[in-house]
Protein chains: 2
Amino acid sequence: MGVEFLEIIDLDDARRITGKLFSELYRQGTETVDILDADGRVLADDIESPVDLPPFDRASRDGYAVRAADTFGADEENPATLRCIETVEAGSVPSLEVAEGLCTRISTGAPVPEGADAVVMVEYTWEEGDQVYIQKPAYPSQHIAARGSDIRAGNVLLRAGTVLSPDKIAALSAAGITRVNVISKPSVCVISTGNELIEPSGQLEPGKIFDSNSAGLSSALKEAGCSVKHGGIVRDDYGELRGAILRGLEEADMVITSGGTSAGAGDILSEVLDELGRVVIHGISIKPGKPTIVGVVDDKIVVGLPGFPVSALIVFMSLIEPFIRKLSGRKASSGQVKTLKLAERLHSSRGRVHYALVMVDGDYARPIFKDSGAVAALAGADGYIEVPKNVEIINEGEEVEVVLFENQ
Amino acid sequence: MGVEFLEIIDLDDARRITGKLFSELYRQGTETVDILDADGRVLADDIESPVDLPPFDRASRDGYAVRAADTFGADEENPATLRCIETVEAGSVPSLEVAEGLCTRISTGAPVPEGADAVVMVEYTWEEGDQVYIQKPAYPSQHIAARGSDIRAGNVLLRAGTVLSPDKIAALSAAGITRVNVISKPSVCVISTGNELIEPSGQLEPGKIFDSNSAGLSSALKEAGCSVKHGGIVRDDYGELRGAILRGLEEADMVITSGGTSAGAGDILSEVLDELGRVVIHGISIKPGKPTIVGVVDDKIVVGLPGFPVSALIVFMSLIEPFIRKLSGRKASSGQVKTLKLAERLHSSRGRVHYALVMVDGDYARPIFKDSGAVAALAGADGYIEVPKNVEIINEGEEVEVVLFENQ
């Protein structure tokens, strides 16, 4: 119904509309994962420490646990003399209280015994029999990490939204937390369309090419924090595409198709979406990527990307990925943007955004002048530049922002 | 034997010695993986395209396949008139040759028929019955991507050392390659030592703390491209540690232990290594991390990191990770380094490298002044600064390089 009335729109409008759809239709989900599998995941809730850390008054040096008052005024010539009543190693528990005139031999990490309020480093002491000579006065709390001084039970250890990295995973372990609620991965079904496509594992037949978008988009979706369902290759046929999209919507939160380069094939998707739901975007003033389609079926987004691998990947990264990243709890940008100098003058055309593939060469971005069907271009590229619609020329040496493909 | 003679060495020397051990003892291995699981992996070999791309002369526009010579001199008033003999969609094969005066209706992506040497865009034509009127002369090769023009069979598509990202995975698929040889993951056995440690999934007992280094180091090792074996928690006991290290060396390329904070516990590891092999580094002038040990047993590296979670993680990242990354085929640095301004003056001590935890606050790095046993510090930190050994003060506002924990 609405298909005919849709006009080619600016990239900015396409982003605004797509963003609005994402916020209207999707809510972040949560799931519980083991912290050993949680690297890169995003905490769904504030995490409180269930325990005091340290869980007891802990010696932070090797030496003697003493009553600080017993050491007042001690120096090398007039050491304080204390009687050692016990040895406490890390992992063991003191059995005796340190009363006046007494001390306990203690290791780093061991619990400080009752009665003691300071630890004297072994360097400032000497022993003779059970007598310990202290050469330096201790102040109360010296070299003791008090119970709960690091964090108290019930206090927030990590905030919702924290991306789990090795340091945060160590902190969770230290508090005895092994499973956490994280933002769940949006599931996306990837479908490649086109009569010319065959599986990369198959044999090339006359007139056919290998499907490259299934693998490329799957990989990009996984990097963006999604789980991927493979919808396979679908011919340019209304019924087949309709069936594949319905199956995809049943098992995933979103469907991303690409391709349909044969004449009129692009329209099949918009017709299917028009029947099943609605077409929201049909054509964006970008190059490559103009025939991009965004629609909604059953309150789920269906995207139709162009078929050429360069176009499909760049339009995905530029238009869709930021919203998917936000949905999976990440920052909108992967952060893989580098400011470089352009190595060669680049021409663009006014009135539309132009994506230019570039190689990174030291501090320079070197444009790759190949058409968007070229696979070798993709093999040789390190990323792309988004040339704004009102810019016709970027001169050699000008600074450009390169969005990198590699996300190491 | 050699243990007693080892002195505390500078970080630079420790890095040089560790790097030398890695290059003497390890060679990169390779394994074959499916490209759908290859994101972030590093190609072990040059990959040649097994096919020409495009695999046939391909139309790059919708229109008519013609003999260019038949269109010479055509314009709107004197169009060339050709007879259309067939229609070729993408994915199908032409059956008829385009002889003089003939043409074929063709879709983007379809094979160009025998005899034709150009494609005229549909915009410059009109049809009446089987007659096609061409309003504009075509030049030979116009709008045709010739077979092999993108890449020829046998030519290198991707070089050894390429990190596989979505664009590269798409390029491999396009060439029909679904499995590739990549640098294999070094396997590392992680062992936590200390009588005070219990599993984070367990119940806290008096005098005990949860083991945080197993999970933290596992996560860091996975990020660096390793597969991790869990050696568990080992008590500060010569026989137990010896057994755990031997088991670890049997199943992994390397063993990384941490902890042993009780008095004398640090020496158990060096004694075990001295019996089984040799101690190469025993103490580094860094803070925290001074008691770090590096040894060799059965031509495999055994590392003893300090027990405090902050220390263990930072020493791993600073001393060991770069070499592990190189072994797994990655760049030595994860690239997660940010140049920021110091938010607050930082004091260090001459003669040793000082690692300072910081929070990132906009363009500023704010030092976290907590001891290295503090878990809350790790929970609140975003990364660390390495203060060189000859620097005593970094002033507020000075630029510092922050190594970030998060590797999104």
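**Group meeting: two chains, one predicted model**

Let's start with a small detail: right after α3 of chain B comes B:Gly225, and its phi is positive, near 95 degrees. Before I go on, keep in mind that this is a predicted model.

Okay, so α3 of chain B itself. How many of its 11 residues are buried? The count is 10 of the 11, so this helix, residues 213-223, is largely enclosed by the rest of the structure. If you want to click through them, the buried ones are B:Asn213, B:Ser214, B:Ala215, B:Gly216, B:Leu217, B:Ser218, B:Ser219, B:Ala220, B:Leu221 and B:Glu223. And what do those buried residues pack against? From chain B, they have β13 (187-193), β16 (227-234), β17 (254-259), β21 (300-305) and α6 (309-327), and from chain A they have α2.

That α2 of chain A takes us to the interface. Chain A puts 76 residues into the contact, and chain B puts in 76 residues too. Between them the two chains bury about 6200 Å², with 60% of that on carbon and sulfur atoms. On the polar side, the rule finds 14 residue pairs in polar contact across the interface, both partners at pLDDT 80 or more. Looking at the chain A side, the elements that each supply at least two residues are β11 (156-158), α2 (166-174), β15 (209-210), α3 (213-223), α6 (309-327) and α7 (375-380). Which of them gives the most? That's α2 of chain A, with eight residues. Sorted by class, the side of chain A that touches chain B comes out as 36 nonpolar, 23 polar and 17 charged residues.

Now, salt bridges. The general idea is that side chains of opposite charge can pair when their charged atoms come close. Across the interface of chain A and chain B there are two by our rule. One of those two-chain pairs is B:Glu406 with A:Lys331, at 3.7 Å, N to O. Over all chains, the structure holds 30 salt bridges.

Let me pick out a few inside chain B. B:Lys389 and B:Asp10 meet through their side chains at 2.3 Å, N to O. Where do these two sit? B:Lys389 is in the loop between β26 (383-387) and β27 (393-394), and B:Asp10 is in the segment before α1 (11-25), so the pair ties together parts of chain B that are 379 residues apart in sequence. B:Lys389 counts as partly exposed, at 36% relative accessibility, and B:Asp10 is partly exposed as well, at 24%.

Next pair: B:Arg159 and B:Asp46 form a salt bridge at 3.1 Å, N to O. Here B:Arg159 lies in the loop between β11 (156-158) and α2 (166-174), while B:Asp46 lies in the loop between β1 (30-34) and β2 (47-48), so parts of chain B that are 113 residues apart in sequence get tied together. B:Arg159 is exposed, with a relative accessible area of 52%, whereas B:Asp46 is partly exposed at 37%.

And one from strand to strand: B:Arg105 with B:Glu127, 2.6 Å, N to O. B:Arg105 belongs to β6 (residues 102-106) and B:Glu127 to β8 (residues 125-128), 22 residues apart. Both are partly exposed: B:Arg105 has a relative accessible area of 26%, and B:Glu127 is at 34%.

Over in chain A, A:Glu344, A:Asp361 and A:Arg366 are linked in a network of salt bridges.

Back to that β1 to β2 loop in chain B for a second, where you'll also find B:Val42. Buried or exposed? Buried, at 2% relative accessible area. Setting aside neighbours within four places in sequence, B:Val42 is in contact with B:Gly161, B:Thr162, B:Val163, B:Asn181, B:Val182, B:Ile183, B:Ser328, B:Gly329 and B:Arg330. Take B:Gly329 from that list: it is 287 residues away from B:Val42 along the chain, yet their C-alpha atoms are separated by 5.9 Å.

Last stop, α4 of chain A, residues 238-251. This helix has 14 residues and reaches 20 Å from first C-alpha to last, close to the 20 Å expected at 1.5 Å a residue. At its N-terminal end, A:Asp237 acts as a cap, with a side-chain oxygen 3.1 Å from the backbone nitrogen of A:Gly239. The buried residues of this helix are A:Leu241, A:Gly243, A:Ala244, A:Ile245, A:Gly248 and A:Leu249.

Conventions. Residues numbered from 1 in each chain as written. Chains lettered and ligands numbered in written order. Predicted model: local features only at pLDDT ≥ 70, side-chain atom pairs only at ≥ 80, totals over all residues. Heavy atoms only, no water. Contact = heavy atoms within 4.5 Å. Buried area = accessible area lost by both parts, 1.4 Å probe. Salt bridge = Lys/Arg side-chain N within 4 Å of Asp/Glu carboxyl O. Polar contact = N/O pair within 3.5 Å; in protein donor to acceptor, adjacent residues only side chain to side chain. Helix = DSSP H or I, 4+ residues; strand = E, 2+ residues; numbered from the N terminus. Nonpolar A, V, L, I, M, F, W, Y, C, P; charged D, E, K, R; others polar. Expected span 1.5 Å × (residues − 1). Buried < 20%, exposed > 50% of the residue type's maximum accessible area, 1.4 Å probe, protein only.
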